[in-house]
There are 2 protein chains.
Amino acid sequence: MIGVFDSGVGGMTVARAIEEALPDYPLIYFGDTARSPYGPKSPERIIHYSRQNTRFLLEQGARVVVIACNSAASVASDLIRQEFDVPVFEVITPAVQQAIAATRNGVVGVIGTRATIRSDIYRKMIAAAAPGVKVVSSPCPLLVPLVEEGWLDRRETKMVVRRYLHPLKMKQVDTLVLGCTHYPLLRNIIQPRIGKRVRVIDSAASVAAELRVFMEKNSDIGCDMVAGQGNRYYVSDVTDTALEIAAKIFGRKINLELANDNL
Amino acid sequence: MIGVFDSGVGGMTVARAIEEALPDYPLIYFGDTARSPYGPKSPERIIHYSRQNTRFLLEQGARVVVIACNSAASVASDLIRQEFDVPVFEVITPAVQQAIAATRNGVVGVIGTRATIRSDIYRKMIAAAAPGVKVVSSPCPLLVPLVEEGWLDRRETKMVVRRYLHPLKMKQVDTLVLGCTHYPLLRNIIQPRIGKRVRVIDSAASVAAELRVFMEKNSDIGCDMVAGQGNRYYVSDVTDTALEIAAKIFGRKINLELANDNL
């Protein structure tokens, strides 16, 4: 079973891409809606929550864990890899690879939550792999609440996006990493504001592609292919907003199951 | 000792008013920043967190509990009163009394988080005390994140406030209850947008006044007056944003102590 966790339901953009890439593998999702968002919280708290979420997925039978939350991946993925005896995938590494491959002028923009940008993980990873590439980043803390309110095409949202992207535009980034799983839902307003020639990178599809390669090479990992087995979506708090965003991401009603005994 | 809890640091607007009204009583504050905000969460979750917060305050020696969070007060105050043997004050009852006293045309507006507005508590309490008064309410879920980002005077914030207040203006409210402890920080942009003649009600001062009357009548409650004893401010996660908002509310640096063993 493939286990995926996120601070809430934004990570379902990643779960959906995995389902499309690996339709025969059962997937279990955990969204920590009872304690979301993670972006404004301290690394210590995010690490603590990430450990609990990983433990929950393993208890449910996951053989692979995908951290579908940039805030969690940026501060906790190394520790999760060390502490748990399971392959761990996350959304940052493939985005870094894509950005390095995409940039022509060597100036990459990164937007994300406060936790993600403060961790400086994108700059560090890009510097390690491609020392000539410059990274310009901007924390965008209001975008998660705007997405969660469903204000996907409002004038206010456009103004907020323009303000956040302004410093990146000034630095003439030619590639922009959407460093938060909520942001693909705003792609239509981000693309024209950063510039139509700027390559906008969303790592969901490449995480899924990376995972597919891994699963093909590691068929002995214990992830049985079970045709027709329904995937399961757990959250730590069931709310109308969570149900609405899940339906928006998948294009159909998603049954969210409550799992908060571990909180 | 007077115990005050909130989902985060917004409730410090209430703590500050209590300190001013009752300077000789030691106060202990708990802000659940590790799990904030409460506004988007389900009643079940908010009740669970409110019980834990109350228990923490009582363990620290509180003899009176003030629920300085409208979301928590709206769904949990009755249960907290039943389950704990301690006087419980909250921010809704005094705001209801003030609103009923203030309205001339009998149309009262209420703004708050999704949890507070969905609970319908203001309408129910106003209807019980003054059946002739009509209540028009509007959930304003983006205001807490805007305050927490410090966007107190930005154009985007003004636009969001105008949009949220529009239905209340149409119904010609002459009184507006700020049903969330973050909103007093936006008072300067709310007042001109709802109309300068509309009475804007923030319950912090009246909770404090109510508590002072109670303490004078109940000097045997075990809340010793200890001159010079420092008040203590606990949070479940220490973040830069929490420190900034706390300093903004008190007008001075506040030492936030970490307390999250009970989470």
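## Two chains, one shared surface

The copies meet through the same surface, because 100% of the interface residues of chain B are also interface residues in chain A. This is a predicted model, and the report below follows it from the interface to the pockets and then to the backbone.

**How the chains are related.** Chain B can be laid on chain A by a turn of 180° and a shift of 0.0 Å along the axis, with an RMSD of 0.0 Å. That is the relation of a two-fold axis. Which C-alpha of chain B is nearest the axis? It is that of B:Arg35, and its distance from the axis is 2.3 Å.

**The interface.** In chain B, 33 residues are in contact with 33 residues of chain A. Between them the two chains bury about 2,700 Å². Carbon and sulfur atoms carry 53% of that area. Salt bridges also cross from chain to chain: the count is 4. A salt bridge joins the side chains of A:Arg114 and B:Glu149, at 2.1 Å from N to O.

**The pockets.** Rolling a probe the size of a water molecule over the atoms shows where empty space is left. The table sets out the two pockets ranked highest by size.

| Pocket | Space | Largest share of lining | Nonpolar | Polar | Charged |
|---|---|---|---|---|---|
| Largest pocket | about 200 Å³ | α1(A), 5 residues | 8 residues | 1 residue | 3 residues |
| Second largest pocket | about 150 Å³ | α1(B), 4 residues | 5 residues | 1 residue | 4 residues |

Start with the largest pocket. Its lining includes A:Thr13, A:Arg16, A:Ala17, A:Glu20 and A:Ala21. A:Pro184, A:Leu185 and A:Asp202 also line the largest pocket. So do A:Ala204, A:Ala205, A:Ala208 and A:Ile249. Which elements give two or more residues to this lining? They are α1 (12-21) and α10 (204-217) of chain A.

Now the second largest pocket. B:Thr13, B:Arg16, B:Ala17 and B:Glu20 are among the residues that line it. Also in the lining of the second largest pocket are B:Pro184, B:Asp202, B:Ala204, B:Ala205, B:Lys248 and B:Ile249. Here the elements that give two or more residues are α1 (12-21), α10 (204-217) and α11 (240-250) of chain B.

**The backbone.** Most residues other than glycine have a negative phi, and most peptide bonds are trans. Some places in this model depart from that pattern.

Where is A:Pro37 found? It sits in the loop between β2 (27-31) and α2 (43-59) of chain A. The peptide bond that leads to A:Pro37 from A:Ser36 is cis, and its omega is near -5°. In chain B, the bond from B:Ser36 to B:Pro37 is cis, again with omega near -5°. B:Pro37 is in the loop between β2 (27-31) and α2 (43-59) of chain B.

A:Asp120 is not a glycine, yet its phi is positive, at about 65°. Which helices lie on either side of the loop that holds A:Asp120? They are α5 (114-119) and α6 (121-129) of chain A.

Notes: Residues are numbered from 1 along each chain as its sequence is written. Chains are lettered from A and ligands numbered from 1 in the order in which they are written. This is a predicted model: local features need pLDDT of at least 70, side-chain atom pairs count only at pLDDT 80 or more; totals for chains, interfaces and linings use all residues. Side-chain values use heavy atoms; hydrogens and water are left out. Copies are superposed by least squares on the C-alpha atoms of residues with pLDDT of at least 70 in both. Contact means heavy atoms within 4.5 Å. On a 1 Å grid over the protein atoms alone, a cavity is a set of points where a 1.4 Å probe fits but cannot get out, and a pocket is an open set with protein on both sides within 12 Å along at least five of seven lines; lining residues have an atom within 4 Å of a point. Grid points are joined across faces, edges and corners, and a volume is the space filled by probe spheres set on the points. Ala, Val, Leu, Ile, Met, Phe, Trp, Tyr, Cys and Pro count as nonpolar, Asp, Glu, Lys and Arg as charged, and the others, Gly among them, as polar. Buried area is the accessible area (1.4 Å probe) that two parts lose on being put together, summed over both.
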